Amino acid sequence: MFKDVQMEFGKKAYCNIRAVNEQGDSAWVKVEQEILAYEKTRYVTYNVHFGHSTHEVRCECNLFESAGVLCCHCLVVLSSYKVNKVPSCYVLCRWSKKIKCKHTYIKISHDVRCSNESHNLFRGLCAHFYNVAQEFVNGDDEAAMLHAALDDARAKLVDYRTKMQNKVVADAHTSIAIEISSVVATGDIQGPSKVTTKGQPKGKRLGYEMEKSIKKSMQRKWKSSGQVSIVINLKLHL
């Protein structure tokens with residue numbers, strides 16, 4: 001939709017205002033558009049109605065009525081009258097990213113997977129409402145009572161949903177606070193577990209026992225040789 005609207009803004013360069021007929025609070029504007037077709041240029045004139053107080057526009061090309069997008073002729077007229085913001089009535093809800101597609105609740109034959117719990121509830125409520133409305137349509141008083149009852153039920157449901165949402169938020173905050181307090185209360189912080197080094201452990205390596213015995217014998221020889229050298233040095237001094 002953004003690209004479609006952007007395209008209409010680009011077409012403004014090929015539109016010119018030829019005549020303006022002011023009639024009180026409204027105006028009729030003739031917009032001439034240059035169109036290139038089959039390598040030939042032709043000019044087409046469109047009548048656009050503009051309301052000064054409401055800034056409402058209506059073009060005889062009926063692009064907005066058919067596609068929901070303001071045409072380049074309306075955009076030219078709005079620009080000529082210094083209207084820098086498109087009125088909100090021309091920004092349709094169905095083009096919004098946040099719109100809820102309510103038509104998806106309608107059961108269709110080629111989409112069997114949509115028959116889930118929400119769809120069953122919706123169809124049951126519609127059947128109930130239909131039966132009640134069909135029974136009490138004999139007069140305006142009954143219809144007014146039914147409308148009042150529906151408005152009252154809607155208000156209660158909105159209040160109930162708000163309370164449930166607040167409860168969910170409060171429970172989430174409480175659980176977060178409990179988790180934080182439990183973490184803070186944990187005073188005994190253990191060190192990381194001992195990580196074994198890569199490769200085969202020394203105690204299981206081939207030849208480890210032999211190397212260990214050789215090392216011990218060498219240490220004994222070094223000790224004995226050290227003691228002998230000490231004794232020789234003492235004798236020489238004496």
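Tyr-38 sticks out: with a relative accessible area of 82%, this residue counts as exposed. Keep in mind as you look around that the model is a predicted one.

Where does Tyr-38 sit? Its place is the loop between strand 2 and strand 3, the latter covering residues 40–51. There is something odd about its backbone, too: Tyr-38 has a positive phi of about 55°, although it is not a glycine. Why is that worth a second look? Most residues other than glycine have a negative phi.

Lys-82 tells a similar story. Its phi is near 60°, again a positive value in a residue other than glycine. You can find Lys-82 in the loop between helix 3 (72–80) and helix 4 (117–135). Is Lys-82 buried or exposed? It is exposed, because its relative accessible area of 70% is above the 50% cut-off for that label.

**The overall layout**

Now let's step back to the whole chain. The secondary structure comes to six helices and four strands. If you read along the sequence, the pattern is α-β-β-β-β-α-α-α-α-α. The chain has 238 residues, and buried ones make up 13% of them.

Some residues that are well separated in sequence come together in space. Take Asn-47 and Cys-59: they are 12 residues apart along the chain, and their C-alpha atoms are separated by 6.0 Å. Asn-47 lies in strand 3, and it counts as partly exposed at 25% relative accessibility. Val-5 and Cys-72 give another example, being 67 residues apart in sequence and 8.9 Å apart in space, C-alpha to C-alpha.

**Salt bridges**

How many salt bridges does the structure hold? There are five. The idea behind them is simple: side chains of opposite charge can pair when their charged atoms come close. Here are some of these pairs, with the N to O distance and the relative accessible area of each partner.

| Pair | N to O distance | Accessibility of the Arg or Lys | Accessibility of the Glu or Asp |
|---|---|---|---|
| Arg-18 and Glu-32 | 2.9 Å | Arg-18, 53% | Glu-32, 18% |
| Arg-58 and Glu-65 | 3.1 Å | Arg-58, 49% | Glu-65, 42% |
| Asp-159 and Lys-163 | 3.6 Å | Lys-163, 53% | Asp-159, 40% |

Start with the salt bridge between Arg-18 and Glu-32. This pair links distant parts of the chain: Arg-18 is in strand 1 (residues 15–23) and Glu-32 is in strand 2 (residues 26–37), 14 residues apart. Which partner is buried? That would be Glu-32, because its 18% relative accessibility falls under the 20% cut-off. Arg-18, on the other hand, is exposed at 53%.

In the pair of Arg-58 and Glu-65, Arg-58 is partly exposed, and Glu-65 is partly exposed as well.

The pair of Asp-159 and Lys-163 sits within helix 5 (residues 140–185). Because these two are four residues apart there, about one helical turn separates them. Asp-159 is partly exposed, while Lys-163 is exposed.

**A pocket lined with nonpolar residues**

Next, have a look at the second largest pocket, which holds about 300 Å³ of space. It is lined by 13 residues, and Met-1, Val-5, Tyr-90, Val-91 and Trp-95 lie nearest its centre. What kinds of residues make up this lining? They divide into 12 nonpolar, one polar and no charged. Helix 1 (residues 2–11) gives the largest share of the lining, three residues.

You have already met Val-5 as the partner of Cys-72 in the C-alpha pair. Val-5 is found in helix 1, and it is partly exposed, with a relative accessible area of 33%.

**A nonpolar patch on the surface**

Finally, let's turn to the outside of the model. Which residues make the nonpolar surface patch of about 450 Å²? They are Met-210, Ile-214, Met-218 and Trp-222. One of them, Met-218, is found in helix 6 (residues 208–237). Met-218 counts as partly exposed, because its relative accessibility is 33%, and that label covers values between 20% and 50%.

How values were computed
Residues numbered from 1 in each chain as written. Predicted model: local features only at pLDDT ≥ 70, side-chain atom pairs only at ≥ 80, totals over all residues. Heavy atoms only, no water. Patch = residues over 30% accessible without salt bridge, like charges linked within 9 Å, V, L, I, M, F, W, Y side chains within 5 Å. Areas by Shrake-Rupley, 256 points an atom, 1.4 Å probe, with all protein chains shown as cover. Salt bridge = Lys/Arg side-chain N within 4 Å of Asp/Glu carboxyl O. Buried < 20%, exposed > 50% of the residue type's maximum accessible area, 1.4 Å probe, protein only. 1 Å grid on protein atoms, 1.4 Å probe; cavity = no way out; pocket = protein on both sides within 12 Å on 5 of 7 lines; lining within 4 Å. Points joined across faces, edges and corners; volume = space filled by probe spheres on them. Nonpolar A, V, L, I, M, F, W, Y, C, P; charged D, E, K, R; others polar.
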